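Please consider the model shown below, beginning with its overall architecture and then turning to individual residues.

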Amino acid sequence: MKAMIFISILLISLASAGQTTEENRNLIFDSLDLKIIQRADSILSEPSKWNKQDDRECHDDIANGKYSLFCSLFKASIDITGAYVHRRPGMQLVRFTVEKYENGRVKEHRIMDWNNHPDTSFEELKKVLRESMEAVKQQLK
């Protein structure tokens, strides 16, 4: 019985390890973060390239050449580094920048909900990317 209780507590501890309510906002960027955001910006070069129906599944975006904000960052990460890292500092910065402009548009997933919201415009999307690029450039100086 004691062994079962111990195992249960251990499993609960392991399941919740790594789940934090606060995110690190002290981001340290490298040149790859800047390149990823710049590449995402170039992927979303015009409104016709924007997928306003993000589902966080990027293979269809890549196949169609029409990208949500999330999938443009996903594709840019793979293009630049060869892998996608969900909490990479540049990705986090874009999430935090979106927060500044969310105005009640986000319920669950910052980038997806904001991207899909009817009030989000392509101009705002480009503003978020530009502002994120500038923040990375400032730190890299």
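The paragraphs that follow treat the fold, the nonpolar core, the largest pocket and several loop residues in turn.

The coordinates are those of a predicted model. The chain contains seven helices and zero strands, so that its elements, read from the N terminus, follow the order α-α-α-α-α-α-α. Of the 141 residues in the chain, 38% are buried. Among contacts with a separation of 6 or more, 63% join residues that lie 24 or more positions apart.

The interior may be taken next. In soluble globular proteins, nonpolar side chains tend to be buried together. In this model, the largest nonpolar core comprises 31 residues. Leu44, Leu69, Val94 and Leu125 are the members with the most contacts inside this core. The elements that contribute two or more residues to it are helix H2 (31–43), helix H4 (69–81), helix H5 (89–100), H6 and helix H7 (122–140). The surroundings of leucine 125 illustrate how parts of the chain meet. When neighbours within four places in sequence are left aside, leucine 125 is in contact with Leu44, Trp50, Leu69, Trp114 and Asn115. Leu44 and Leu69, two of these partners, also appear with leucine 125 among the core residues with the most contacts.

Where, then, is empty space left? Rolling a probe the size of a water molecule over the atoms shows where such space remains. The largest pocket holds about 150 Å³ of space. Its lining consists of Arg56, Phe70, His86, Arg87, Arg95, Glu108, His109, Arg110, Ile111 and Met112. Which element gives the most to this lining? Helix H6 (residues 110–116) does, with three residues. Sorted by class, the lining has five charged, three nonpolar and two polar residues.

One of the lining residues, Arg56, belongs to the loop between H2 and H3. Its phi is near 65 degrees, a positive value in a residue other than glycine. Arginine 56 counts as partly exposed because its relative accessibility is 35%, a value between the limits of 20% and 50%. Lysine 49 is also placed in the loop between H2 and helix H3 (59–64). With a relative accessibility of 33%, lysine 49 is partly exposed. Apart from residues up to four places away in sequence, lysine 49 touches Ile43, Leu44, Gly65, Lys66 and Tyr67. Leu44, named here as a partner of lysine 49, is in contact with leucine 125 as well. From lysine 49 to aspartate 61 the sequence separation is twelve residues, and the C-alpha to C-alpha distance is 9.5 Å.

The loop between H5 and H6 offers a contrast in accessibility. Is arginine 105, which is found in this loop, buried or exposed? Arginine 105 is buried, because its relative accessible area is 9% and the limit for burial is under 20%. Its side chain makes a polar contact with the side chain of glutamate 124, at 3.0 Å. Beyond residues up to four places away in sequence, arginine 105 touches Asp113, Trp114, His117, Asp119, Thr120 and Glu124. Trp114, one of these partners, is also in contact with leucine 125. Asparagine 103 likewise has its place in the loop between H5 and H6, but asparagine 103 counts as exposed, at 62% relative accessibility. Its phi is near 40 degrees, which is again positive in a residue other than glycine.

Definitions and conventions: Residues are numbered from 1 along each chain as its sequence is written. This is a predicted model: local features need pLDDT of at least 70, side-chain atom pairs count only at pLDDT 80 or more; totals for chains, interfaces and linings use all residues. Side-chain values use heavy atoms; hydrogens and water are left out. On a 1 Å grid over the protein atoms alone, a cavity is a set of points where a 1.4 Å probe fits but cannot get out, and a pocket is an open set with protein on both sides within 12 Å along at least five of seven lines; lining residues have an atom within 4 Å of a point. Grid points are joined across faces, edges and corners, and a volume is the space filled by probe spheres set on the points. Helices (H or I, at least four residues) and strands (E, at least two) are DSSP runs, numbered from the N terminus. Ala, Val, Leu, Ile, Met, Phe, Trp, Tyr, Cys and Pro count as nonpolar, Asp, Glu, Lys and Arg as charged, and the others, Gly among them, as polar. A nonpolar core is a set of buried Ala, Val, Leu, Ile, Met, Phe, Trp, Tyr and Cys residues joined through side-chain atoms within 4.5 Å. Buried means under 20% relative accessible area, exposed over 50%, partly exposed in between (1.4 Å probe, protein chains only). Contact means heavy atoms within 4.5 Å. A polar contact is a pair of N or O atoms within 3.5 Å; within protein, one must be able to donate a hydrogen and the other to accept it, and residues adjacent in sequence count only if both atoms are side-chain atoms.
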